[in-house]
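Reader: I'd like to learn how to read a few features off a structure, one by one. Can you walk me through them with this one on screen?

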Amino acid sequence: MKKKMIIKGIDMCKRKTYFFLMCTFLYAPVLVAEEVLPGTLHTPRPGDEIIKQQVEYKDPGRSGENILWDFGKLQALDEEYILFYHNPASDGEDRIGMGRTTLSVEELSDAIPIVGTEHNTDYYYLLRNDSLLVTGHRNATVDIHYHTPVLSCTYPLGYGKETSGEYKGEGMYCGRIPMFLKGTIHTVADAYGMMVLPDGDTLRQVLRIKSSRNIRAYVPAAEEEEADMLCMQMDTYLWYVKGYRYPIFETIRTFDPANGDATATFSTSFFYPPQQHYYLQTDPENLAVLFGEEDNKEEEYPGWGPDPGEGFSCNFYPNPVKDMLTIEYYILEGGEVEFGLYDLSGRQLVRDSQVYPQGGIYRYGMEMGHLQEDTYILKIKASEKEISEIIFKIY
């Protein structure tokens, strides 16, 4: 039987516990290796430093093909900081330190150990066969080892492909409170399109990776009961571009699964400025792709789709929506864009259009506050292309 309990020594630091545990998961470097991102070009490398900057959160919008992600007006919230990948330490006796555990040379015969450090926390990874595994993390507050590792992904992974897995771990909080963790993780390459960066640059043929992780941390209690310290769902989105080993943009959002995903408990975004991917100086393979010195063969980058700059791309958010649905779109040339909203019986509830003298990126707001809670169909038509998507209206 499982109950929510208050155990001596837990209730007095519950808020602090939740904060530190949540931050440990939020700022964990998310490593992804995919078919459209060939493993040799996008696996982490010891010695690489990646600069990140926290910016305003923006809803990542819909999944699918030919998406427009306009992050061009987001404001910086914090100073830049560094994510650093390095080799784990050795004890000098043919064993490699991986946080709360060590691995022998024999145990690593088919795997590559890597440590990622940011926010004063070490995250431990193994690249084994076609899988990228998270084996633990450690900082001054928590020290966790996953005896069933977190399956970050398997590769190759192209657009529409996905991985899922369960994980279990244990460790210590504040050096004195034993704790256990378990959950599930699901990763999918769910969208591709074009992206406008906070510095104003536009990147095309962008691939987005979504990772949904259910996290439950608890402490042992009497009579086989358990007391929850943390229970949350975390959705992480990463945007990759050809020629860059690491992401260009990232969003993180957490919520209580018991309350649904409409209300976030935490949300933020990170920008990895392309001009500050300094590791490229020692990454000739990616430089060759970036500067077009190598052909981007279809077999190396399947699933990226055509250059969205050659036609029509759009995005909309939030979904579910309470009041205002924001639609952002790109048109190559001037012309008319039509918007329609229908109920499931096919009755048209909203009909509108905008005419533009030239191509570019535009925005349209659709008022939905007056509609009842239900499921609707959104249709957008431009440049002889039509997009139909389901919209969920909530109160």
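Reader: Let's go straight to the cysteines. Is Cys-174 buried, partly exposed or exposed?

Author: Keep in mind that this is a predicted model. The way to read burial is through relative accessible area, where anything under 20% is buried and anything over 50% is exposed. Cys-174 comes out at 36%, so it is partly exposed. Cys-314, by contrast, has a relative accessible area of 0% and is therefore buried.

Reader: And how many disulfides does the structure hold?

Author: For that you look at the sulfur atoms of cysteine pairs, which must lie within 2.5 Å of each other. The count here is 0.

Reader: Next, the nonpolar core. What's the general idea?

Author: In soluble globular proteins, nonpolar side chains tend to be buried together. In this model the largest nonpolar core has 51 residues. Those with the most contacts inside it are Trp-69, Met-179, Met-195, Trp-239, Ile-248 and Phe-249. Strand E13, residues 226-241, supplies the largest share of this core, with 7 residues. Apart from it there is another core, of 23 residues, including Phe-312, Val-337, Met-368 and Ala-382.

Reader: Which residues does Trp-69 touch, if I skip its neighbours within four places in sequence?

Author: Among them are Ala-191, Tyr-192, Gly-193, Met-194, Met-195 and Val-196. Pro-60, Val-206, Arg-208, Trp-239 and Asn-315 are also in contact with Trp-69.

Reader: Aromatic rings next. How many pairs does a search of the whole structure find?

Author: It finds 16 aromatic pairs. To read one, check the distance between ring centres and the angle between planes; under 30 degrees counts as stacked and over 60 as edge-to-face. Phe-71 and Phe-249 sit 4.0 Å centre to centre with 10° between the planes, so they are stacked.

Reader: Why does the pair of Phe-71 and Phe-249 tie together parts that are apart in sequence?

Author: Look at where each ring sits. Phe-71 is in the loop between strand E2 (64-70) and strand E3 (81-86), while Phe-249 belongs to strand E14 (residues 249-255), so the pair joins parts 178 residues apart in sequence. Phe-71 is buried at 1% relative accessibility, and Phe-249 is buried at 0%.

Reader: What would an edge-to-face case look like?

Author: Take Tyr-159 and Tyr-192, an edge-to-face pair at 5.1 Å centre to centre, with 85° between the planes. Tyr-159 lies in the loop between strand E9 (142-154) and strand E10 (162-173), and Tyr-192 in strand E11, 33 residues apart. Tyr-159 is partly exposed, with a relative accessible area of 27%, whereas Tyr-192 is buried at 6%.

Reader: Which residues do ring pairs link into a cluster?

Author: The cluster consists of Trp-69, Phe-71, Tyr-237, Trp-239 and Phe-249. Of these, Trp-69, Trp-239 and Phe-249 came up earlier as residues with the most contacts inside the largest nonpolar core.

Reader: Rings can have charges over them too. Where should I look?

Author: Look for the charged end of a Lys or Arg over a ring face. Arg-213 lies over the face of Tyr-167, at 4.6 Å from the ring centre. Lys-379 has its charged end over the ring of Tyr-342, 5.0 Å from the centre.

Reader: Now a polar residue. Is Asp-190 buried or exposed?

Author: Its relative accessible area is 11%, so Asp-190 is buried. Asp-190 lies in strand E11 (residues 177-196). To see what its side chain meets, look for a polar contact: there is one with the side chain of Arg-208, at 2.7 Å. Beyond four places in sequence, Asp-190 touches Ser-63, Gly-64, Tyr-159, Arg-208, Lys-210 and Tyr-237.

Reader: Last one, the backbone. What should I check there?

Author: Start with omega, to spot cis peptide bonds. Tyr-317 and Pro-318 are joined by one, with omega about -10°, and the bond from Asn-319 to Pro-320 is also cis, with omega near 15°. Pro-318 is in the loop between strand E16 (312-317) and strand E17 (324-331), and Pro-320 is in the loop between E16 and E17 as well.

Then check phi for positive values outside glycine. His-119 has a phi of about 50° and sits in the loop between strand E6 (111-118) and strand E7 (121-128). Gln-205 has a phi near 50°, but is found in strand E12 (residues 202-220). His-119 is partly exposed at 40%, and Gln-205 is partly exposed at 24%.

Terms used: Residues numbered from 1 in each chain as written. Predicted model: local features only at pLDDT ≥ 70, side-chain atom pairs only at ≥ 80, totals over all residues. Heavy atoms only, no water. Helix = DSSP H or I, 4+ residues; strand = E, 2+ residues; numbered from the N terminus. Buried < 20%, exposed > 50% of the residue type's maximum accessible area, 1.4 Å probe, protein only. Polar contact = N/O pair within 3.5 Å; in protein donor to acceptor, adjacent residues only side chain to side chain. Contact = heavy atoms within 4.5 Å. Core = buried A, V, L, I, M, F, W, Y, C linked by side-chain atoms within 4.5 Å. Phe/Tyr/Trp six-rings, centres within 6.5 Å; stacked < 30°, edge-to-face > 60°. Lys NZ or Arg CZ within 6 Å of the ring centre and 35° of its normal.
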